[in-house]
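The following questions and answers go through one structure, from a loop to a metal site and on to a few separate positions. Please keep the sequence and the model in view while reading.

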Amino acid sequence: MRFAYYTLAFVVVLLLSVMGYRGMISTRPPIEMFPDMDHQAKYKPQAESKFFADGRADRPLPAGTVPFGRDALRADPAFLKADDFHYDGKLPDGTFGRGFPAGLAITGAFIERGQGRYQIYCAPCHGALGDGNGITKSYGMLTTPTYHDDRLRGMAEGEIFNTITHGKNTMLSYADKLSPDDRWAVVAYVRALQRAAHGTIQDVPAELQGGLK
Ligand code: HEC
């Protein structure tokens, strides 16, 4: 019998404590059973830091990283100074431009940079030769085009840049993986692939032709 009283008292206290607070709003922080890392040592954006010598909690981007998204790019001072052709592949009238931005030197090293990026990001679908026969073809990606038809050979460099930036249908955007300059390097390498696919023995320096025949 004694237990019945205890149980009754327990139930009454439980009910009162649960129901009694219904509808009461408190400004005090809730009692946390599972804090789930709510409280942690962290910096808030644009706050001060005593740790870093320059006193800023916001850290500058490490060299070589690619800012993600358009807004991040716009925050880059180089972007603000830049022309639309360099960053969009477009001329002031909105059409795609031909050639390469004036600020870029199209050197062997630049094309090699494009080759490396191409082999990482494009070759799985477009193939090492740009003929559209990458490894993904055998897994069902059948719409990858070859670069060697007249349409893509005649396409403005700015439009290829735009395709890399925004993607097209089943091809996704590579803007978060390739900086604008790297995208131009890939465009230069696509041009090199196209040139190579339509080359003749006459394009090879005379002293090297013997080894090819
Ligand atoms: C996941 C596979 C895949 C990867 C990786 C890929 N592409 Fe594509 N790409 C496609 C497909 C599929 C199309 C055809 C899109 C369409 O027109 O439907 C295409 C189309 C293109 C076109 C033609 C666009 C047009 O207007 O017809 C170009 C140029 C191109 N890709 C360049 C690249 C470059 C450069 C890279 C590397 C940065 C790349 N692609 C990476 C699948 C891929």
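Q: Where is Gln 46 placed?
A: The model discussed here is a predicted one. In it, Gln 46 belongs to no helix but has its place in the loop between H1 and H2.

Q: What is phi of Gln 46, near which value?
A: Most residues other than glycine have a negative phi. Gln 46 is a residue other than glycine and yet its phi is positive, with a value near 65 degrees.

Q: Is Gln 46 buried or exposed?
A: The relative accessible area of Gln 46 is 72%. Because exposed residues are those over 50%, Gln 46 counts as exposed.

Q: Which loop holds Asp 36, and what is its relative accessible area?
A: Asp 36 is found in the loop between helix H1 (2–19) and helix H2 (69–74), and its phi is positive, about 50 degrees, although Asp 36 is not a glycine. Asp 36 is exposed, and its relative accessible area is 63%.

Q: Which protein residues are donors of the iron atom of the ligand?
A: Two protein atoms, NE2 of one residue and SD of another, lie 2.0 to 2.1 Å from the iron atom. The residues that carry these donor atoms are His 126 and Met 171.

Q: What is the arrangement of the six donor atoms around the iron atom of the ligand?
A: Ideal angles for six octahedral donors are 90 or 180 degrees. The six donor atoms around the iron atom of the ligand subtend angles of 86 to 178 degrees, and the arrangement is therefore octahedral.

Q: How many residues apart in sequence are the parts that His 126 and Met 171 tie together?
A: His 126 lies in helix H6 (residues 123–126), whereas Met 171 lies in the loop between helix H8 (157–166) and helix H9 (180–197). The pair therefore ties together parts whose separation in sequence is 45 residues.

Q: Which of these counts as partly exposed, His 126 or Met 171?
A: His 126 has a relative accessible area of 10%, so it is buried. At 25% relative accessibility, the residue that counts as partly exposed is Met 171.

Q: Which residues come nearest to the ligand?
A: There are 22 residues around the ligand, and the space that the ligand takes is the largest pocket. The residues that come nearest are Cys 122, Cys 125, His 126, Arg 151 and Met 171.

Q: Which side chain has an N or O atom 2.9 Å from an oxygen atom of the ligand?
A: A nitrogen atom of the ligand is 2.7 Å from an N or O atom in the side chain of His 126, and an oxygen atom of the ligand is 3.1 Å from an N or O atom in the side chain of Lys 168. The side chain with an N or O atom 2.9 Å from an oxygen atom of the ligand is that of Asn 169.

Q: Which element gives the most to the shell around the ligand?
A: The elements that give two or more residues to this shell are H6, helix H7 (150–154) and H8. With three residues, the element that gives the most is H8.

Q: Which backbone oxygen does the side chain of His 148 reach at 2.8 Å?
A: His 148 has its place in the loop between H6 and H7, and at 18% relative accessibility it counts as buried. Its side chain reaches, at 2.8 Å, the backbone oxygen of Leu 129.

Q: What separates the C-alpha atoms of Glu 207 and His 148?
A: Glu 207 is found in helix H10 (residues 206–209), and at 67% relative accessibility Glu 207 counts as exposed. Glu 207 and His 148 are 59 residues apart along the chain, and their C-alpha atoms are separated by 28 Å.

Q: Which residue has its backbone oxygen 2.9 Å from a polar atom of the side chain of Ser 17?
A: Ser 17 is found in helix H1 and is partly exposed, with a relative accessible area of 36%. The backbone oxygen that lies 2.9 Å from a polar atom of its side chain belongs to Leu 14.

Definitions and conventions:
Residues are numbered from 1 along each chain as its sequence is written. This is a predicted model: local features need pLDDT of at least 70, side-chain atom pairs count only at pLDDT 80 or more; totals for chains, interfaces and linings use all residues. Side-chain values use heavy atoms; hydrogens and water are left out. Donors are N, O and S atoms within 2.8 Å of the metal (3.2 Å for Na, K and Ca); water is not among the atoms, so sites may look incomplete. Four donors count as tetrahedral if all angles lie between 85 and 135 degrees; four count as square planar and six as octahedral if opposite donors are over 155 degrees apart and all others between 65 and 115; anything else is irregular. Helices (H or I, at least four residues) and strands (E, at least two) are DSSP runs, numbered from the N terminus. Buried means under 20% relative accessible area, exposed over 50%, partly exposed in between (1.4 Å probe, protein chains only). A residue is near a molecule or strand if one of its heavy atoms lies within 4 Å of it. A polar contact is a pair of N or O atoms within 3.5 Å; within protein, one must be able to donate a hydrogen and the other to accept it, and residues adjacent in sequence count only if both atoms are side-chain atoms. On a 1 Å grid over the protein atoms alone, a cavity is a set of points where a 1.4 Å probe fits but cannot get out, and a pocket is an open set with protein on both sides within 12 Å along at least five of seven lines; lining residues have an atom within 4 Å of a point. A molecule sits in a cavity or pocket if more than half of its atoms lie within 2 Å of its grid points.
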